[in-house]
Structures are given as C-alpha cells and as structure tokens.
Amino acid sequence: MRFQYVILMLIGMSAFMVVRNQVTLGGWIPIKNINDPHVTSIATYAVTEYDKQSGLKLKLEKVISGETNVVDGTIFCLNISTTTNSASNKYNVVVLEKLSQRKLTSFVPLHA
Ligand SMILES: *[C@@H]1O[C@H](CO)[C@@H](O)[C@H](O)[C@H]1NC(C)=O
C-alpha cells in the first residue's frame, strides 16, 4: 500500500517536471532582482568585451532591466546604461553563458 503510493507520487512528480520543462524551455523570463551580483557580472563582462572590440572606454553605470532564456545554456538579454566621461548611453546587450563560458552576441544602442 505504502509502496504503491510512493510509486504514484514519483510518476506524478516526473510528469509535472516534464510539463514544467516544456513551459520554461525557450521562454523569456524577466529578471526579478536586477541587482543580483551574477547579473551585474554579466553586464560588466558585456561592457568589457565591447570595449575590447570597439576600442571605446565605456563603463557600466547600471543594469536597467533584463530577461533570461534557458535553452542550451542561459541567454541574458539586458538593458544597461553606461558612462563615458560625462555622457550616459543606454544599450541592449545579449550574453550567452554556458558552463561558465561567456560570449557577447549583441551590443546595440537603445533609442529611448
Ligand atoms: C529594453 O528596453 C526596450 C525599450 O524600452 C524594451 O522594449 C525591452 O523590452 C527592454 N528589454 C529588456 C530585456 O528589458
């Protein structure tokens, strides 16, 4: 009796997990805590990488908003603001993170 109950529970749980995976896979989820150190480190990485490629000296001011998408790794799509001297600029950046390897895939100005 007890054993059957456990089996039923396991079946129920795995069915639930399959459904959940299908729902979350490939969907964009808003980042609730924009001040999360991990999010900040992704944004810092994006700016550093962009500076390397462009020869500019942008500095991260703050992360404005962001979304993540878990596919094969995690895609971070962030709106950030940067500073150069006194000018402030907003950009939309996309960083792919997979097994702690990061790749900047997009860094485009945001026209508000
Ligand atoms: C970034 O900002 C644009 C324009 O305000 C907005 O449409 C977009 O949803 C934002 N993206 C993210 C990831 O927050």
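**Reading a predicted model, feature by feature**

Strand S2 (59-71) and S3 each contribute at least two residues to the shell around the ligand.

Colleague: Hello! Before we look at that shell, what kind of model is this?

Modeller: Welcome! This is a predicted model. Let us begin at the ligand.

Colleague: Gladly. Which residues surround the ligand?

Modeller: Around the ligand you will find Ser65, Gly66, Glu67, Cys77, Asn79 and Leu110. Strand S2 gives the most to this shell, with 3 residues. By character, the shell divides into 2 nonpolar, 3 polar and 1 charged residue.

Colleague: How do I read polar atoms beside the ligand? What lies 2.6 Å from an oxygen atom of the ligand?

Modeller: Look for pairs of atoms and the distance between them. A polar side-chain atom of Ser65 sits 2.6 Å from a ligand oxygen atom. For Asn79, an N or O atom of the side chain is 2.2 Å from an oxygen atom of the ligand. As for cover, the ligand taken alone exposes 360 Å², and the protein buries 48% of that.

Colleague: Now the interior. Where do nonpolar side chains tend to be in soluble globular proteins?

Modeller: In soluble globular proteins, they tend to be buried together. Here, the largest nonpolar core has 19 residues, and those with the most contacts inside it are Val63, Leu78, Ile80, Val93, Val95, Leu104 and Phe107. Helix H2 (37-54) and the strands S3 (73-84), S4 (87-98) and S5 (101-109) each supply at least two of its residues. The largest share, 7 residues, comes from H2.

Colleague: Could we follow one core residue? What is Leu104 in contact with, leaving aside its neighbours within four places in sequence?

Modeller: Beyond those neighbours, Leu104 touches Tyr45, Ala46, Glu49, Tyr50, Val94 and Val95.

Colleague: And Thr68, is that residue buried or exposed?

Modeller: Compare its relative accessibility with the cut-off: buried means under 20%. Thr68 counts as buried because its relative accessibility is 15%. Thr68 is part of strand S2. Setting aside neighbours within four places in sequence, Thr68 is in contact with Gly27, Trp28, Ile29, Ile31, Thr74, Ile75 and Phe76.

Colleague: Last one: backbone angles. What is phi of Leu99 near?

Modeller: Check the sign of phi and whether the residue is a glycine. Phi of Leu99 is near 50 degrees, a positive value in a residue other than glycine. Ser100, also not a glycine, has a positive phi of about 60 degrees. Leu99 is in the loop between S4 and S5, and Ser100 lies in that loop too. Leu99 is exposed, with a relative accessible area of 77%, and Ser100 counts as exposed at 66% relative accessibility.

Technical notes
Residues are numbered from 1 along each chain as its sequence is written. This is a predicted model: local features need pLDDT of at least 70, side-chain atom pairs count only at pLDDT 80 or more; totals for chains, interfaces and linings use all residues. Side-chain values use heavy atoms; hydrogens and water are left out. A nonpolar core is a set of buried Ala, Val, Leu, Ile, Met, Phe, Trp, Tyr and Cys residues joined through side-chain atoms within 4.5 Å. Buried means under 20% relative accessible area, exposed over 50%, partly exposed in between (1.4 Å probe, protein chains only). Helices (H or I, at least four residues) and strands (E, at least two) are DSSP runs, numbered from the N terminus. Contact means heavy atoms within 4.5 Å. A residue is near a molecule or strand if one of its heavy atoms lies within 4 Å of it. A polar contact is a pair of N or O atoms within 3.5 Å; within protein, one must be able to donate a hydrogen and the other to accept it, and residues adjacent in sequence count only if both atoms are side-chain atoms. Accessible areas come from the Shrake-Rupley method with a 1.4 Å probe; for residues, only the protein chains shown count as cover. Ala, Val, Leu, Ile, Met, Phe, Trp, Tyr, Cys and Pro count as nonpolar, Asp, Glu, Lys and Arg as charged, and the others, Gly among them, as polar.
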